[in-house]
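Reader: I'd like a close look at one buried spot in this protein. Please start with the overall pattern of contacts, then zoom in and work outwards again.

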Amino acid sequence: MPKKLKVGLALGGGGARGLAHVGVLKVLEAHQIPIDVIAGTSIGAIIGAFYALHPAEAGKLEERTKAFVQAPEFQESGLDLFKKKKAAENFFGQVAKYVKERVVINLAHSRPSLVGGWRVSRAVEFMLEDQTFEQCRLPFACVATDLVSGEEVIFREGSLRKAVAASMSIPGFLPPLQHDGHLLVDGAVVAPVPINACKLLGAEVVIAVDVSQPLDSAGYFENVIDVIFRASTITSHHYKEMLLDYADVVIRPNVGDVHWSEFRKVRHVVAAGEQATEQMLPKIQNLFEQKRSIWRRLFG
């Protein structure tokens, strides 16, 4: 008999834009597209962890997500500190701009983060039960970045909450998390879309979800900081595109106009994920048929 293909879903980082992952899962589930393993970065880590614990329950995930943005835990997260001023910044550039514009310079120099790590912990505790990777019903991995070595750290065992919190520790906004000899920050620094982690779980077909903002033309820079941020954005964009070359299918929800802190746009962003996935269904189904045909020729 032909071997069954192992399908992996790689959920990228992007703050509130990552709520589109919920819509992606809803459509894949409705059309019975099999998901065998999941990997997540940052917001993709918390969405992926929930679904790995509760596969085939995208509706439950959506309800939990909507409940979060109405809960005290969201207010305590500090995300409302960030207000959209311009369209466009990369994820980490906006954090740095906040430090520059809103925080007393001496204070910023004396602290590793703007807010305490307990804030993200409260959000993670609201969304996820206190479970381990081993208790997931689907194999799951999430990615963090070692701030010292610069290496990608892939979590596959132990506490889900701790691993997800590390994957979501936005540099500058939240403090680095110390774990097992590593000093960890947001996984999007090294893996904006966790293709490598997905393949490490054994995925032979990778469906990647990219919720980053497009690299729009920008012709106005106020100062040297804007120039530096723009250069960093360009580097990040090209690195992400290189990573996505290793995915078999890339779903890109139309959420580029959503600022990474606008979690209250949950309905709009989830709908964008649904629409983008519906558009990609023919390509996904054709890909599966091609892969099955190859396996039939090899093993049939």
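Author: Start with the contacts in this predicted model. Take those between residues at least 6 apart in sequence: 78% of them join residues at least 24 apart. The protein has 300 residues, and 50% of them count as buried. Its framework consists of 11 helices and 8 strands.

Now zoom in on H21. You will find H21 in helix 1, which covers residues 20-30. Is H21 buried or exposed? H21 has a relative accessible area of 0%, so it is buried, because the limit for that label is under 20%. Its side chain still has a polar partner: it reaches the backbone oxygen of G12 at 2.8 Å.

Which residues surround H21, once neighbours within four places in sequence are set aside? The contacts are L11, G12, G44, I47, V209 and V211. G12 thus appears twice, as a contact and as the owner of that backbone oxygen.

Follow G44 and I47 next. G44 and I47 are among the buried residues of helix 2. Helix 2 runs over residues 43-53, and 11 of its 11 residues are buried. The list includes A45, F50 and Y51. A general point helps when you look along a helix. An α-helix has 3.6 residues a turn, so residues three or four places apart point the same way.

The loop after helix 1 offers a contrast. Q32 lies there, between helix 1 and strand 2 (37-41). Q32 is exposed, with a relative accessible area of 70%. Its phi is near 55°, a positive value in a residue other than glycine.

D180 tells a similar story. Its phi is near 50°, again positive without being a glycine. D180 sits in the loop between strand 5 (177-179) and strand 6 (182-186). At 67% relative accessibility, it counts as exposed. D180 also helps line the second largest pocket, together with residues including R156, E157, K162, H179 and H182. That pocket holds about 190 Å³ of space. Strand 4 (residues 152-155) gives the most to its lining, with 3 residues.

Next, the aromatic rings. The structure holds 4 aromatic pairs. One of them is F68 with F126, a tilted pair at 5.7 Å centre to centre and 50° between the planes. This pair links distant parts of the chain, as its members are 58 residues apart. F68 belongs to helix 3 (residues 58-70), and F126 to helix 7 (residues 118-127). F68 is buried at 9% relative accessibility, whereas F126 is partly exposed at 24%. Both belong to one aromatic cluster, formed by F68, F74, F126 and F263.

Last, the cysteines. How many disulfides does the structure hold? The number is 0. For C136, the nearest cysteine sulfur is that of C142, 9.5 Å away. Why is C142 unbonded? Its sulfur is 9.5 Å from the closest cysteine sulfur, in C136, and that is too far for a bond, because a disulfide needs the two sulfur atoms within 2.5 Å. C136 counts as buried at 13% relative accessibility. C142 is buried too, at 0%.

Terms used
Residues are numbered from 1 along each chain as its sequence is written. This is a predicted model: local features need pLDDT of at least 70, side-chain atom pairs count only at pLDDT 80 or more; totals for chains, interfaces and linings use all residues. Side-chain values use heavy atoms; hydrogens and water are left out. Helices (H or I, at least four residues) and strands (E, at least two) are DSSP runs, numbered from the N terminus. Buried means under 20% relative accessible area, exposed over 50%, partly exposed in between (1.4 Å probe, protein chains only). A polar contact is a pair of N or O atoms within 3.5 Å; within protein, one must be able to donate a hydrogen and the other to accept it, and residues adjacent in sequence count only if both atoms are side-chain atoms. Contact means heavy atoms within 4.5 Å. Rings of Phe, Tyr and Trp (its six-membered ring) pair if their centres lie within 6.5 Å; planes under 30 degrees apart count as stacked, over 60 as edge-to-face and the rest as tilted. On a 1 Å grid over the protein atoms alone, a cavity is a set of points where a 1.4 Å probe fits but cannot get out, and a pocket is an open set with protein on both sides within 12 Å along at least five of seven lines; lining residues have an atom within 4 Å of a point. Grid points are joined across faces, edges and corners, and a volume is the space filled by probe spheres set on the points.
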